[in-house]
Amino acid sequence: MKFQPPNEDLFKDSTMTFGEHLEELRICLFRALIGLVIGICIGLLLGQQIVLLVQKPLVDALEGYYAHKAEKNLPAYLSALRDSRQTLGFTEKEAIAAIQHGLVPERVYVSRQSAETARAKPSAAVTDEEATSDQTAAALNLVPMLIWRPSTEIQGVRPTTLSAQEAFSIWIKASVVAGIIISSPWVFYQLWSFVAAGLYPNEKHYVHVFLPFSLGLFLAGAALAFFFVFKPVLDFLIGFNQWLGLDPDPRISEWFSFVLILPLGFGISFQLPLVMLFLDRIGIFSVQMYLEKWRIAIFAITVISAVLTPADPYSIFLMAIPLIVLYFGGVALCHYLPRRKSPYDEDE
């Protein structure tokens with residue numbers, strides 16, 4: 001037995017000439033461009049705050065690095081002070097608490113007379129790096145002292161620029177990126193509107209379903225990278241510097257590129273359920289095939305995670321685990337939203 005074709009012509013409202021398609025594309029692109037320009041103008045007003053916001057994860061990680069380094073060196077500092085028969089005025093436990101609250105000690109060498117009168121001038125101080133050994137300091141009649149500085153004032157905590165125009169370039173890039181993000185819902189809507197213009201009436205409702213779903217997945221991936229992935233990745237990378245005995249001196253342009261790549265990679269990769277649903281809809285894959293090839297899928301997800309991240313273990317792991325969950329979520333999406341059977345198909 002066969003289904004009878006429906007009397008209603010599903011395609012009567014979908015006829016557009018090639019010229020009409022080009023005109024619709026021109027209108028949608030023009031509207032998207034206007035929204036993008038408005039978004040960039042808003043981004044220019046917020047450029048300074050955006051640059052500060054982008055720096056915050058890196059600055060926090062560097063402050064933690066120097067605080068950990070100071071806490072590690074603290075016993076040697078206090079031992080040198082005791083050997084010079086100076087009165088500390090605080091215990092090691094109190095010093096550790098001060099470090100944890102944002103004060104970092106730096107050992108310097110001053111003349112014995114200045115140390116006794118507690119009136120040492122910065123110009124009379126010799127840093128720990130300049131005094132190559134305690135024996136050299138003793139020969140110069142110098143004694144060690146601790147200078148406490150806020151962690152935000154330590155050299156190397158904030159990113160640096162290597163040219164006069166680099167800061168201006170970063171401000172422009174940050175403003176443009178912010179403008180793209182601000183205007184992205186409107187731009188996506190215009191692009192999907194053009195796609196919907198070429199769809200049949202019974203297919204246009206998919207645009208209203210998948211547009212917010214796609215945008216939500218992209219923003220969720222980018223937010224996951226910025227708020228939950230940056231910290232462990234930075235701790236690992238900066239800790240690796242410490243293990244090698246190197247002090248990091250990050251450059252703002254390199255950090256900004258890193259900030260763009262990682263959230264962008266997360267946002268794009270989080271489109272996985274929609275891609276799986278699309279491939280299922282056009283008949284390339286099926287739910288059964290997705291379930292049978294899950295081991296290959298996990299391997300592919302791991303490789304993709306290594307390509308879209310700095311390839312350190314933390315970022316690979318933190319991208320791969322959500323993608324594996326999204327993979328099986330995509331299988332469930334294909335199962336509960338099966339392909340609609342055409343009324344022209346035969347009833348078997």
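## Two helices side by side

Let's start with what a helix axis is here: a line fitted to C-alpha atoms over the stretch in contact, with angles running from 0 to 180 degrees between N-to-C directions. Keep in mind that this is a predicted model. With that idea in hand, take helix α2 (residues 47-83) and helix α3 (residues 92-100). The axes of α2 and α3 are 10 Å apart, and the angle between them is about 160°. Angles over 145 degrees count as roughly antiparallel, so α2 is roughly antiparallel to α3. Put simply, two packed helices are described by the angle between their axes and the distance between the axes.

There is a handedness to report as well: α2 passes α3 in a right-handed crossing. Which residues of α2 and α3 meet? On the α2 side you'll find A67, A70, E71, L74, P75 and L78, and on the α3 side E92, A95, I96, I99 and Q100. Sorted by class, the contact of α2 with α3 has eight nonpolar residues, one polar and two charged.

## The whole protein

Now zoom out. The protein has 348 residues, and 33% of them are buried. Its secondary structure comes to twelve helices and three strands. The accessible surface is about 21,700 Å², and carbon and sulfur atoms account for 65% of that.

How much of the contact pattern joins residues 24 or more positions apart? Among contacts with a separation of 6 or more, such pairs make up 83%. The individual residues further down give you some pairs to look up in the structure.

## Helix α8 and its partners

Helix α8 covers residues 252-269, and two of its packing partners are worth a look. One is α2 again. The axes of α2 and α8 come within 10 Å and cross at roughly 100°. An angle of 65 to 115 degrees counts as roughly perpendicular, so that is the label for α2 and α8. From α2, the contact is made by V54, Q55, P57 and L58, while α8 brings in I252, W255, F256 and V259. Seven residues of this contact are nonpolar, one is polar and none is charged.

The other partner is helix α12 (residues 313-336), whose axis is 11 Å from that of α8, at an angle of about 20°. Is that pair roughly parallel or roughly antiparallel? The cut-off for roughly parallel is under 35 degrees, so α8 is roughly parallel to α12. The two helices make a right-handed crossing. Here α8 uses G265, F266 and S269, and α12 uses S315, L318, M319 and L323. This contact has four nonpolar residues, three polar ones and no charged ones.

## Two buried residues

P105 is part of strand β1 (residues 103-111). Is P105 buried or exposed? Buried means under 20% relative accessible area, so P105, at 6%, counts as buried. Beyond its neighbours within four places in sequence, P105 touches A70, L74, Y77, I99, L146, I147 and W148. Some of those names should ring a bell: A70 and L74 in α2 and I99 in α3 also turn up where those helices meet. The C-alpha atoms of P105 and L74 are 8.0 Å apart, with their positions 31 residues apart along the chain.

Q271 belongs to the loop between α8 and α9 (272-281). Its relative accessible area is 15%, so Q271 is buried as well. Setting aside neighbours within four places in sequence, Q271 is in contact with S214, L217 and F218. You can also find L326, 55 residues away in sequence, with a C-alpha to C-alpha distance of 8.9 Å from Q271.

## Two residues with more to show

A223 lies in helix α7 (residues 205-243). With a relative accessible area of 29%, A223 is partly exposed. A223 and F266 are 43 residues apart in sequence, and their C-alpha atoms are 8.7 Å apart. F266 is one of the α8 residues in the contact with α12.

L45 sits in helix α1 (residues 18-45). Exposed means over 50%, so L45, at 70% relative accessibility, is exposed. How many residues separate L45 and S175 in sequence? They are 130 residues apart, yet 7.9 Å apart in space from C-alpha to C-alpha.

Note on methods: Residues numbered from 1 in each chain as written. Predicted model: local features only at pLDDT ≥ 70, side-chain atom pairs only at ≥ 80, totals over all residues. Heavy atoms only, no water. Helix = DSSP H or I, 4+ residues; strand = E, 2+ residues; numbered from the N terminus. Buried < 20%, exposed > 50% of the residue type's maximum accessible area, 1.4 Å probe, protein only. Contact = heavy atoms within 4.5 Å. Areas by Shrake-Rupley, 256 points an atom, 1.4 Å probe, with all protein chains shown as cover. Left-handed = near helix turned anticlockwise from the far one by under 90°. Nonpolar A, V, L, I, M, F, W, Y, C, P; charged D, E, K, R; others polar.
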